[in-house]
Amino acid sequence: MSETTGRPFRLPAPRRTGAPGEHSSETTARLRPVPADPTPDEPAAPFGRPAAQGTTTTRPATPPRPAHQPPAPTAPVTPDPALSWSATRPLVSFGEPEGYDGDARPRPLGRRGASQAAAAAVCLVLGLGLISGAVTGSWLVGDSGAEGSPSSFAAAGSLWHSVPVDQLFPPTVQGRGAGPGGADRTWTRIAVAPDSGCKDAFDPLLRKALAPVGCDRLLRATYTDATESYVTTVGLLFTTADAPGMTALANRFRKERLDRRSDLMPLPYAAKGTPAAGFGAPQRASWTVSVLTEAPVVVYAVSGWADGRTVDDPQPAGDAVEADATTAPAQAGLGNEAQGLADRVERDFRRNVRSASEQPS
């Protein structure tokens, strides 16, 4: 039997020009060589169209790979770090909770910068200074709610005969910012009344209101402003009461607003031959009364025009100094005259009391 018996009939493959012929001993069909890429000098044939006649394209033959040989291992592919999830995902951390400052900007809570700590320390120091200043000012300026020591209370009651009159009623009193709108004032003393008792020194209703604290001595002086347009009498009533008695009277004046009643106005001291010669009861325009609790003293002041004009509607100084006050005494600044002069005489009195209480006995 021929060697070709049992094999399927197959036409011989066309042989390329120049290819070696097949031998009888070959049992594996040859693979058709793949045409080589066109050279730069030869244009490639269009896709799907045969090459032009007469053009020969050669490609080196690729040896066949045995069927049993495994494919060559491929190199592992390394992912691009720029495309990884860790490079693009947001960074999440559990930090400190945030608050907001005055400009609505977030800031960590519970953390203070050095500047904030310094500012807090400065505020603490300033606060302590203000508190200590307020305590001192309550004594110098006049806070009827603060009681002094027993020694200073007793010393204050004897100042009427131990302190010169020029210290109680200085010849000239400077009132910086005491006038309307914060204007400065200067008062000049034009008369000093002899120290006396309280008989005929007050209207009957005011004398009755002051009766519970008694009357030891009354000192008075009258001042005029720099233009001699106004006159003001300021008085220091030294009582015989103790500290609880003065506190009770001060509470009554505050609760019943006795210092605002026009039927409880103090009387002026009208000295002959001075601008205050015509300053009587009908000329009273504004007044103030202050009952001290750290000293047995009542400080008061009453003001009016120096030309002797009468006043039909007097107004307490506390109301006349208000910015919206429209009465004649308020518009003329007579409330400022009474309030400003009384405050400064009271301040000087407190200073004398403190000086007397600090002297060794």
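These notebook entries record what I looked up in a predicted model, beginning with one strand and its sheet and ending with the aromatic pairs.

**Entry 1: strand E7 and its partners**

I began with strand E7, residues 286–291, and found it mostly covered, with 5 of its 6 residues buried. I then looked up its pairing with strand E8 (residues 297–305), which is antiparallel over 6 bridges. Within this pairing, I noted that Thr-288 stands opposite Ala-301 of E8. The two strands form a hairpin, and 5 residues lie between them.

I next turned to strand E9, residues 315–316, which runs parallel to E7 and is joined to it by 2 bridges. Here I recorded Pro-316 of E9 as the bridge partner of Trp-287. I also recorded Ser-286 opposite Gln-315 in E9.

**Entry 2: the sheet**

I traced the strand order and obtained E3-E4-E5-E6-E8-E7-E9, an open sheet of 7 strands with mixed pairing. Strand E3 (172–175) and E9 each have a single partner strand and stand at the edges, so one side of each has no neighbour in the sheet.

**Entry 3: helices on the sheet**

I looked up helix H7 (residues 243–256) and found that it packs on the sheet, where it touches E7 and E8. The direction of H7 makes about 140° with that of E7.

Helix H10, residues 334–358, lies across E3, strand E4 (185–196), strand E5 (217–225), strand E6 (230–238), E7 and E8. I noted that H10 runs at about 35° to E6.

In helix H10 I examined Arg-354. Is Arg-354 buried, exposed or partly exposed? I entered Arg-354 as partly exposed, because its relative accessibility is 32%, and the buried class requires a value under 20%. I also recorded a C-alpha separation of 9.8 Å between Arg-354 and Phe-153, which are 201 residues apart along the chain.

**Entry 4: aromatic pairs**

How many aromatic pairs does the structure hold? I found 2. Phe-202 and Tyr-300 form an edge-to-face pair, with 5.7 Å from centre to centre and 70° between the planes. Phe-202 lies in the loop between E4 and helix H6 (204–210), whereas Tyr-300 lies in strand E8, 98 residues apart. I noted both Phe-202 and Tyr-300 as buried.

Phe-238 and Phe-349 also form an edge-to-face pair, at 5.9 Å centre to centre and 75° between the planes. Phe-238 belongs to strand E6 and Phe-349 to helix H10, so this pair ties together parts 111 residues apart in sequence. I recorded Phe-238 as buried, with a relative accessible area of 0%, and Phe-349 as buried at 2%.

Notes
Residues are numbered from 1 along each chain as its sequence is written. This is a predicted model: local features need pLDDT of at least 70, side-chain atom pairs count only at pLDDT 80 or more; totals for chains, interfaces and linings use all residues. Side-chain values use heavy atoms; hydrogens and water are left out. Buried means under 20% relative accessible area, exposed over 50%, partly exposed in between (1.4 Å probe, protein chains only). Helices (H or I, at least four residues) and strands (E, at least two) are DSSP runs, numbered from the N terminus. Two strands pair if DSSP finds at least two bridges between them. Contact means heavy atoms within 4.5 Å. Axes are lines fitted to C-alpha atoms, for helices over the stretch in contact, and angles run from 0 to 180 degrees between N-to-C directions. Rings of Phe, Tyr and Trp (its six-membered ring) pair if their centres lie within 6.5 Å; planes under 30 degrees apart count as stacked, over 60 as edge-to-face and the rest as tilted.
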